[in-house]
Amino acid sequence: MTLEELLADELKDLYSAENQLVKALPKLAKATDSEDLRKAFEHHLEQTRNQVRRIEQVCNELSVKPGGRKCVAMEGLIEEGKEILSADAEPDILDAALIGAAQKVEHYEISAYGTARAHARQLGFMRAADLLGETLHEEEQADEKLTMIAENRVNVQAAMSKGN
Ligand SMILES: [Fe+2]
């Protein structure tokens, strides 16, 4: 296998991962009572749809067919996310679990896009590397947003319990 073939597999994996996420994010958005968290999921759904198109663009530049491969890592992460949906938990705990599951997804993507970008750079595919970098940046922002939501909620709860 050449580095170029490895990159092609990485792109196919990411394409599958993003498409799986487009299907899963609406379910996460539905599961929360938190307006902040729902909006974050919905916003990231829009970004994810755009990321699917961006990978198609990268694949087009590299003459790679994006389909035909399943990202089993994302499948597993989404499967674990679905277990949360069927768990019996208070809304705050459910949200904490949803945030945790979503951050695992983001960290996986951050890692995968970082690797794919590095390989694209090594091969001299600078336009592809830039496009992958755009998505990488969005994933990092999504991750930070989730951390902010989680920390705000913890702070609000701490403030409330002080008042009791
Ligand atoms: Fe993504």
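Two residues are taken to be in contact when heavy atoms of the pair lie within 4.5 Å. In this predicted model, that criterion gives Gln-20 a set of partners beyond the residues up to four places away in sequence, namely Lys-70, Cys-71, Met-74, Glu-75 and Ile-78. Gln-20 itself is found in helix H1, which covers residues 3-31. With a relative accessibility of 16%, Gln-20 falls under the 20% cut-off and therefore counts as buried. One of its partners, Glu-75, is also reached through a polar atom: the side chain of Gln-20 comes to 3.3 Å from the backbone nitrogen of Glu-75.

The protein chain as a whole contains five helices and zero strands. Read from the N terminus, the order of elements is α-α-α-α-α. The C-alpha trace spans about 60 × 25 × 25 Å along its principal axes. Of the 164 residues in the protein chain, 42% are buried. Among contacts with a separation of 6 or more, 82% are made by residues 24 or more positions apart. The accessible surface of the protein chain amounts to about 9,200 Å², and carbon and sulfur atoms contribute 51% of that area.

Charged side chains were examined next. The protein chain carries 20 positive and 31 negative side chains, and a distance of 4 Å separates the centres of the two sets. Side chains of opposite charge can pair when their charged atoms come close. The structure holds 13 salt bridges, and three of these are described here, beginning with the pair formed by Arg-69 and Asp-9.

In the salt bridge between Arg-69 and Asp-9, the N to O distance is 3.7 Å. Arg-69 is placed in the loop between helix H2 (35-61) and helix H3 (72-85), whereas Asp-9 belongs to helix H1, so this pair ties together parts that are 60 residues apart in sequence. Both side chains fall in the intermediate class of accessibility: Arg-69 is partly exposed at 39% relative accessibility, and Asp-9 is partly exposed at 21%.

A second salt bridge joins Glu-42 to Arg-38, with 3.3 Å between the closest N and O atoms. Here both residues lie in helix H2, at a spacing of four residues, or about one turn of the helix. Glu-42 counts as partly exposed, with 36% relative accessibility. Arg-38 has a relative accessible area of 27% and is likewise partly exposed.

The third salt bridge links Glu-61 and Arg-127, whose closest N and O atoms are 3.7 Å apart. Glu-61 lies in helix H2 and Arg-127 in helix H5 (residues 126-163), so the two residues tie together parts that are 66 residues apart in sequence. The relative accessibility of Glu-61 is 41%, which places this residue in the partly exposed class. Arg-127, at 42% relative accessibility, is also partly exposed. Elsewhere, Glu-35, Arg-38, Lys-39 and Glu-42 are joined into one network by salt bridges that share partners; the pair of Glu-42 and Arg-38 described above, with its 3.3 Å distance, is one of the salt bridges in the structure.

Terms used. Residues are numbered from 1 along each chain as its sequence is written. This is a predicted model: local features need pLDDT of at least 70, side-chain atom pairs count only at pLDDT 80 or more; totals for chains, interfaces and linings use all residues. Side-chain values use heavy atoms; hydrogens and water are left out. Buried means under 20% relative accessible area, exposed over 50%, partly exposed in between (1.4 Å probe, protein chains only). Accessible areas come from the Shrake-Rupley method with a 1.4 Å probe; for residues, only the protein chains shown count as cover. Lys and Arg count as positive and Asp and Glu as negative; His and the chain ends are not counted. The place of a charge is taken as NZ of Lys, CZ of Arg, CG of Asp or CD of Glu. A polar contact is a pair of N or O atoms within 3.5 Å; within protein, one must be able to donate a hydrogen and the other to accept it, and residues adjacent in sequence count only if both atoms are side-chain atoms. A salt bridge is a side-chain nitrogen of Lys or Arg within 4 Å of a carboxyl oxygen of Asp or Glu.
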